[in-house]
Amino acid sequence: MQKSLNGEFDMITIVRDLAAEALFVSNLQPSERPNRETVEQAVTAMILMHGSDGCAADVAAEFGDHPDNAVRRMNWVHSELTGVLAPRRAAALR
């Protein structure tokens, strides 16, 4: 985990990592071109269904079983989340 300048864990990083794991284990596919609301709903549903530890375990299993596919999916996940989290963070900083 990244630490902020004052040594505390960066809450945004923790939330982003959890959201990435949750979206990764969801059934959403890049071909669906989901909108922000759909991505947010999928993330929330997966966190409620699997919890943070369950999402992380499923991601780890997929990287162990299918590393090539997992890398591609995680790249897509990070791309999707940039579009979801960046506007929210900018609004929060205003």
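**Close-up views of a three-helix chain**

Buried residues make up 27% of the 94 residues in the protein chain. Everything shown here comes from a predicted model, so please read each legend with that in mind.

**View 1. The whole chain is built from helices.** The protein chain has 3 helices and 0 strands, and from the N terminus on its elements follow the order α-α-α. Helix α1 covers residues 11–25 and helix α2 covers residues 36–65, while helix α3 takes in residues 67–93. Taking the contacts in the protein chain with a separation of 6 or more, 65% of them are between residues 24 or more positions apart. The chain exposes about 6,400 Å², and carbon and sulfur atoms supply 54% of that area.

**View 2. Two phenylalanine rings meet between helices α1 and α2.** The structure holds 1 aromatic pair. Its members are Phe24 and Phe63, and the pair is stacked, with 5.8 Å centre to centre and 15° between the planes. Phe24 lies in helix α1 and Phe63 in helix α2, so the pair ties together parts that are 39 residues apart in sequence. The two partners also come with their own accessibility values: Phe24 counts as buried because its relative accessibility is 5%, whereas Phe63, at 31%, counts as partly exposed.

**View 3. An arginine sits over the Phe24 ring.** Stay with Phe24 and bring in Arg73, which lies over the face of that ring at 5.9 Å from the ring centre. Arg73 belongs to helix α3. Leaving aside residues up to four places away in sequence, Arg73 touches Leu23, Phe24, Ser26, Asn27, Leu28, Gln29 and Pro30. Arg73 is buried yet has no salt bridge. Which side chain of opposite charge is nearest to Arg73? That is Glu32, 7.4 Å away.

**View 4. A glutamate in helix α3 is buried without a salt bridge.** Glu80 is found in helix α3. Glu80 is buried, and the nearest side chain of opposite charge, Arg33, is 7.2 Å away. For Glu80, then, there is no salt bridge to draw in this view. Once residues up to four places away in sequence are set aside, Glu80 touches Leu23, Pro34 and Val39. Leu23 also appears among the residues that Arg73 touches.

**View 5. Arg33 has a positive phi in the loop between α1 and α2.** Most residues other than glycine have a negative phi. What is the phi of Arg33? The angle is positive, at about 45°, although Arg33 is not a glycine. The place of Arg33 is in the loop between α1 and α2. With a relative accessible area of 72%, Arg33 is exposed, whereas Glu80, for which Arg33 is the nearest side chain of opposite charge, is buried.

**View 6. Val43 in helix α2 touches two alanines and a leucine.** Val43 lies in helix α2. Is Val43 buried or exposed? At 10% relative accessibility, Val43 counts as buried. Not counting residues up to four places away in sequence, Val43 touches Ala19, Ala22 and Leu23. For a backbone reference, the C-alpha atoms of Val43 and Val25 are separated by 8.8 Å, and these two residues are 18 residues apart along the chain.

**View 7. Two residues of helix α3 are paired with distant positions in sequence.** Thr82 has its place in helix α3, and Leu85 is found in helix α3 as well. The C-alpha atoms of Thr82 and Arg16 are separated by 9.2 Å, although the two are 66 residues apart along the chain. Leu85 and Ala19 are likewise 66 residues apart in sequence, with 9.5 Å between them in space, C-alpha to C-alpha. At 51% relative accessibility, Thr82 counts as exposed, because the cut-off for that label is over 50%. Leu85, at 26% relative accessibility, counts as partly exposed. Ala19 can be found again in the Val43 view, since Val43 touches Ala19.

Methods. Residues are numbered from 1 along each chain as its sequence is written. This is a predicted model: local features need pLDDT of at least 70, side-chain atom pairs count only at pLDDT 80 or more; totals for chains, interfaces and linings use all residues. Side-chain values use heavy atoms; hydrogens and water are left out. Helices (H or I, at least four residues) and strands (E, at least two) are DSSP runs, numbered from the N terminus. Buried means under 20% relative accessible area, exposed over 50%, partly exposed in between (1.4 Å probe, protein chains only). Lys and Arg count as positive and Asp and Glu as negative; His and the chain ends are not counted. A salt bridge is a side-chain nitrogen of Lys or Arg within 4 Å of a carboxyl oxygen of Asp or Glu. Contact means heavy atoms within 4.5 Å. Rings of Phe, Tyr and Trp (its six-membered ring) pair if their centres lie within 6.5 Å; planes under 30 degrees apart count as stacked, over 60 as edge-to-face and the rest as tilted. A charge sits over a ring if NZ of Lys or CZ of Arg is within 6 Å of the ring centre and within 35 degrees of the ring normal. Accessible areas come from the Shrake-Rupley method with a 1.4 Å probe; for residues, only the protein chains shown count as cover.
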